[in-house]
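Student: I am new to this structure. Please take me through one part of it closely.

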Amino acid sequence: MTETLKPILATIPLFDGMKPEHLELIVGCAANVHFAPGEFAARQGEAADRFFIVRKGRLALQVHGPGRGEVTLLTVGDNEVLGWSWLVPPYKWHFDARALTDTRALALDGRCLRGKFESDHELGYEMMTRFVQLMTQRLEAASLQLIDLYGTNA
Amino acid sequence: MPDALRHADAARAGALEPVPFRIRRVTPETRDTFTIVLAPPAGAPPFSFRPGQFNMLWGFGVGEVPISLSGPPGEVREIVHTIRAVGPVTQELHRLGRGDTVGVRGPFGTAWPVDEVAGCDVVLVAGGIGLAPLRPALYALLSERARFGRIVLLVGARTPGDLLFVNELAAWRGRFDVDIEVIFDRAAPDWHGLVGVVTSLIPQAPFTPPKTAAFICGPEIMMNFALLELERRGVPPSRLWVSLERNMKCGVGLCGHCQMGPLFVCRDGPVFPWERVAPWLAIREV
């Protein structure tokens, strides 16, 4: 199984330029998953024991509030990453993640990865660097959404 | 010719006198945005404009506003403007109907450099009402499709209900020679398309950066982030153009209301090479 996922992982932008030995360690924590339209990949408050890389399809990050129903904050498509709560205690999902279309993804086991980061700090540093970039992009995007760019006062 | 004389010539040529056009059609686009089609007076010569240019539209008794032309460019028998009703003049224009009169001065300003980007992949990044000034550029690109590489249109809007030109976007999406992505800042769960900011579309958009040119129009903050992403992808800064919006009044570089450093947005813009305006946009006081 892991033999077949390594070449797939190597094509994912998150892992661009990663050393083959690090990719080898990561692939041991990866599995293929499938979500039907409407199916939850993660639920708010549940243990965030994995993150996803969409191979084909679309996942939505949603939040539910009384009187507002579900609001989609972000969608994630092919080759994009969803989830970093697996990196941050208490390792719980803060939002729902739901498939909008038939979605194939890679699920990476967060506990497995954290264990490998502990024993290989270089791998941990590599992945942290990549996730900080991802978080920065998402933070910038969230800021732009927050200021209501296209509102009347824009 | 010295600038002052050139400006005086423009004024003499009637650039400051509105011509009464009649409203032929009004089409609602969203809850606050509409498209009007205007016809020149009988016997007037055809109106000619280039993509990206604007007219000053006069709501009689209220005032005048700069509005980009949003219809097919070239020599035309009727002109198209897409307007967001947000102030007294645009609200007055929104109130008008078929047969009513609108004063028109123009066309003014610079154009998207469609000829200059022949042979390139062309990426159009539009945010909100910024899709309107870019639409004539897309018409021009598609009218001579073989001269360009990939054509990519990336559109951002507030919600699905705020999207302009819905039917036309759907028709363009049916073509095999143009890539279109639309993304919204927020959406209800029944929307199964993309949610996020328009700049997030750039990293995976299908173009070859070193041979790409980009035209960008939208709120200035959005344009800044779009430019960052395009440069991050490797699009040469010399092939980035933006359309700026300032407080334009005269339209011919006389009054100075839209002055930005040494530039008059109404005369030297609204379409600028990014490298030309970047130093001035970085200065808040300008």
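Tutor: Here is a close look at the open sheet, its helix and then the core. This is a predicted model, where local features need pLDDT of at least 70, side-chain atom pairs count only at pLDDT 80 or more, and totals for chains, interfaces and linings use all residues. Residues are numbered from 1 along each chain as its sequence is written, and chains are lettered from A and ligands numbered from 1 in the order in which they are written.

Start with the sheet. It is open, has 6 strands in chain B and pairs them antiparallel in the order 5-4-8-1-2-7. Strands are DSSP runs of E, at least two residues, and helices are runs of H or I, at least four, all numbered from the N terminus. Two strands pair if DSSP finds at least two bridges between them. Strand 5 (63–68) and strand 7 (79–84) of chain B are the edges, each pairing on one side only. From one strand to the next, the twist averages 40°.

Now go to one edge. Strand 7 of chain B pairs with strand 2 (residues 33–39) of chain B over 6 bridges, in the antiparallel sense. There, B:Leu38 stands opposite B:Ile79.

Helix 2 (residues 88–95) of chain B lies across strands 2, 4, 5, 7 and 8 of chain B. The helix runs at about 80° to strand 5 of chain B. Axes are lines fitted to C-alpha atoms, for helices over the stretch in contact (C-beta atoms, placed from the backbone, within 7 Å). Angles run from 0 to 180 degrees between N-to-C directions.

Last, B:Leu154 touches B:Val123 and B:Val198, among others, not counting residues up to four places away in sequence.

How values were computed:
Contact = placed C-beta atoms within 7 Å.
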